[in-house]
Amino acid sequence: MKTRFTDFHPVRRDRLVQESRHDAYKVTHKLPEPTVCPQCGAVFHEGRWQWLTRPAEAHEEMCPACHRIQDEYPAGYVTVSGTFFKDHREELLQLARNEESRTKAEHPLKRIMKIEDQDDGIQITTTDIHLARGIGEALHHAYQGELEYHYNEQENLLRVTWQR
């Protein structure tokens, strides 16, 4: 007589397995509410970082954006170059700063880390890939030119290049 395995289940291959994306700057534990970033003053409330008044007796922990800035580890790079840039440098920088201000008002973790001069342009580093994409799209929308994206999924890193 054959013995049947009662705990045996055939392997199902019709399910989509979601792999988790590793981000060293994403908090792995639940933050107590309210939590305040001691550097920038952002408040973690209702499951997200927000610009609120600092609550009394709040737990303190550095937000992911300040942590990235401290470690000098950007999530996005925007490279701006070309002859048009040389003639309109301040105008293009102001557009990038305006995009950051507009985005940061709603999302405190989306910030410009640094703006560095390069041989033929500038490089803007950001704490978030979406801000880097937004700056590139704002430049392209306002001044046309050539816009390229290079996303590295393993590192969750976006490189945006705009030139005209």
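**Entry: the β5-β7 pairing**

I began with Tyr 77 and found that this residue stands opposite Thr 125 in β7. I note here that the model is predicted, so that everything below is a reading of computed coordinates. Around this pair I traced strand β5, residues 76-81, which runs antiparallel to strand β7, residues 121-126, with six bridges between the two. I reminded myself that strands of a sheet pair through backbone hydrogen bonds, in either the parallel or the antiparallel sense.

**Entry: the sheet**

I then looked up the sheet as a whole, and recorded an open arrangement of five strands in the order β6-β7-β5-β9-β8, with mixed pairing. At the edges I found β6 (112-117) and β8 (146-152), each of which pairs on one side only. For the turn between neighbouring strands of this sheet I noted an average of 15°, with direction ignored.

**Entry: helices on the sheet**

I followed helix α3, residues 89-106, and saw that it packs on the sheet, where it touches β5, β6, β7 and β9 (157-163), while its direction makes about 170° with that of β6. Helix α4 also packs on the sheet, and I listed β5, β6, β7, β8 and β9 as the strands it touches, its direction making about 15° with that of β9.

**Entry: one residue from each helix**

In α3 I picked Thr 103, and asked myself whether Thr 103 is buried or exposed. Its relative accessibility is 11%, and because buried means under 20%, Thr 103 counts as buried. Setting aside residues up to four places away in sequence, I found Thr 103 touching Lys 110 and Leu 131.

In α4 I picked Gly 136, which counts as buried because its relative accessibility is 0%. Leaving out neighbours within four places in sequence, I recorded contacts from Gly 136 to Leu 147, Val 160 and Trp 162. I also checked Gly 136 against Glu 99, which lies 37 residues away along the chain, and read 9.7 Å between their C-alpha atoms.

**Entry: the largest pocket**

Last, I turned to the largest pocket, which holds about 700 Å³ of space. Its lining has 24 residues, and I noted Asp 23, Lys 26, Pro 64, Leu 109 and Asp 128 as the closest to the pocket centre. The elements that give two or more residues to this lining are β3 (48-50), α1 (64-71) and α4 (129-143). Which element gives the most to the lining? I found that α1 does, with three residues. By class, I sorted the lining residues into eleven nonpolar, six polar and seven charged.

Definitions and conventions. Residues numbered from 1 in each chain as written. Predicted model: local features only at pLDDT ≥ 70, side-chain atom pairs only at ≥ 80, totals over all residues. Heavy atoms only, no water. 1 Å grid on protein atoms, 1.4 Å probe; cavity = no way out; pocket = protein on both sides within 12 Å on 5 of 7 lines; lining within 4 Å. Points joined across faces, edges and corners; volume = space filled by probe spheres on them. Helix = DSSP H or I, 4+ residues; strand = E, 2+ residues; numbered from the N terminus. Nonpolar A, V, L, I, M, F, W, Y, C, P; charged D, E, K, R; others polar. Pairing = 2+ DSSP bridges. Axes fitted to C-alpha atoms, helices over the stretch in contact; angles between N-to-C directions. Contact = heavy atoms within 4.5 Å. Buried < 20%, exposed > 50% of the residue type's maximum accessible area, 1.4 Å probe, protein only.
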